[in-house]
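Me: I've got a sequence and a 3D structure open, and I'd like to learn how to read them. Can we go through the features one by one?

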Amino acid sequence: MVYFAFMLLVGLVLGLVGVACNPAPYFAAFGLVVAAGMGCAVLAVSGAPFLALVLFLIYLGGMLVVFAYSSALAADPFPEGWTEVTVFEQLAFYLLGVVAAGLYFGKHWYTLFVGMVDSCSKFFTIRADMGGVVAMYGSGGFMLVFCAWVLLLTLFVVLELVRGLSRGPLRAV
Amino acid sequence: MSPLVLVVLLSSLGLGTAMTFASSHWLLAWMGLEINTLAILPLMAQQNHPRAMEATTKYFLIQATAAAMILFASTTNAWASGQWDITYPSHPVTATITMAALAMKIGLAPTHFWLPEVLQGVSLTTGLILSTWQKLAPFALILQVANYTPPYMLTALALCSTLVGGWGGLNQTQLRKILAYSSIAHLGWMILVAQMAPQLTLIALITYIVMTTAAFLTLNNMDATKTATLASSWTKSPTLTAMACLVLLSLGGLPPLTGFLPKWLILQEVTNQGFIPTATVMALSALLSLYFYLRLTYAMSLTLFPHTFNSVTPWRMTAKRPTLLLSTTIIMTTCLLPLTPSALTLLI
């Protein structure tokens, strides 16, 4: 299981490096997909499957699809992949940085790994992430109404920013 | 913008600040900051031109980054200590990250670059909201976490801000950028005493808000965004021009005016605590700021720039813009210094 978690963490870092080295948005979106998927898997392995599921559905299913769609709309005839010189330089830089950090921390690096949140082990019947959700709805209470208002306000602001035919934000630019 | 939309946005601005003021939980404070950021965006993008859009985008990116840093710091704090209280950041790392994020949010010196650009892109009234109301919520948080941040960090931020605010404004001809740099310099003064005497920070914040409101509204009344426009402002409204000089000198902190009040008290406090070099550098950096205020005053009252003067003195109609707030703030900007003892009694 630890080896599996280790593989997932490597995938997470690789995905993040893939985004951070500035390729064209097509490929960066792919890097984000890898990073988000691996992150969800790390969460699931660490003992928070509910959080992982929520993150996966909302982040990958909702946001990233829209992002991939809009980056596909921005038609780029020669998108820069990871093999272009400028991108590859950064890719190599970040990978070397990761290796250097691994060497610097030496054999103690794995103590930095967040332990498993396995609260099912003893007498607990609720997992940690489910418990967190319950606590949020229980003691959060009325404040969640404000939370809903923030979401509504976001929608409202977005609609206001892109309203109308002549008032689109990018049309001015 | 339709009035209904405006009402929703303005009341959300109020709600955001009120939420941050009232909360003791990091998550709600963060939510208040986010509401503040979101609600101001359509107001900034009201004028549909590239500058305004650019400013809106920059503002959104900076504020979102800073808010994400605050969320990161508070999550780390909750992870390490198991609690979300604002007033108890148990770990210095958390407090430092939070302070850095808040400094970014209000535009303190190492992370100040967005402020002049953003202010330059929006109208003077929106700029007024940005440099007064939008500072309140972050300052409520700063005053609560300042006790736990490393003191060197606050002093460094303060010195950096006053120096950069002074130097940055030196060769500007655009008034909104000058006001932005003046904002940076004043924020430096406030942050310097945030740990030694939070009440003085509050006094400085209040006086700054009054003074900068007067300055923004004066410029708005003159329709002036460039120094060159100021030179012919006397034709429109001589009284306002005379008072505008005093308002600018008050922002610069000259003694018989209100702007001297916070500088005086802050310098006294810093000297009493024994930080003589810091006090000296702060006092000297105020001179840098004073130079560009003086230059504006000079352009307004003493010279006409040597260009062809092809306008006549306009006929003075009844003012179309409401001037109640303008006159009130100008009076407060110029005459509040004798009330220093009352201010001290109220706030200390």
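Reply: Sure. Start with the elements: helices and strands are DSSP runs, a helix having at least four residues and a strand at least two, numbered from the N terminus. Keep in mind that this is a predicted model. Here, chain A runs α-α-α-α-α-α from the N terminus on.

Me: How many helices and strands does chain A have?

Reply: Six helices and zero strands.

Me: Where does UniProt place the "transmembrane region" feature in chain A?

Reply: An annotation like that comes from a record and may be inferred rather than shown by experiment. The unreviewed UniProt entry puts it at residues 28–45, 50–71, 91–113 and 134–159 of chain A. You can then check such a span against the model: residues 28–45 of chain A are 100% helix, with end C-alpha atoms 25 Å apart. For residues 134–159 of chain A, the figures are 92% helix and 33 Å.

Me: What share of chain A counts as buried?

Reply: Burial goes by crowding: a residue is buried if 20 or more other C-beta atoms lie within 10 Å of its own. In chain A, 13% of the 173 residues pass that test.

Me: And how many residues of chain B are in contact with chain A?

Reply: Contact means C-beta atoms within 7 Å. By that rule, 17 residues of chain B meet 14 residues of chain A. On the chain B side, α1 (3–22), α2 (26–44) and α3 (50–81) each give two or more residues. The largest share, eight residues, is from α2(B). By type, that side of chain B has 13 nonpolar residues, three polar and one charged.

Notes: Residues numbered from 1 in each chain as written. Chains lettered and ligands numbered in written order. Predicted model: local features only at pLDDT ≥ 70, side-chain atom pairs only at ≥ 80, totals over all residues. Contact = placed C-beta atoms within 7 Å. Nonpolar A, V, L, I, M, F, W, Y, C, P; charged D, E, K, R; others polar. Buried ≥ 20, exposed ≤ 12 C-beta atoms within 10 Å, placed from the backbone.
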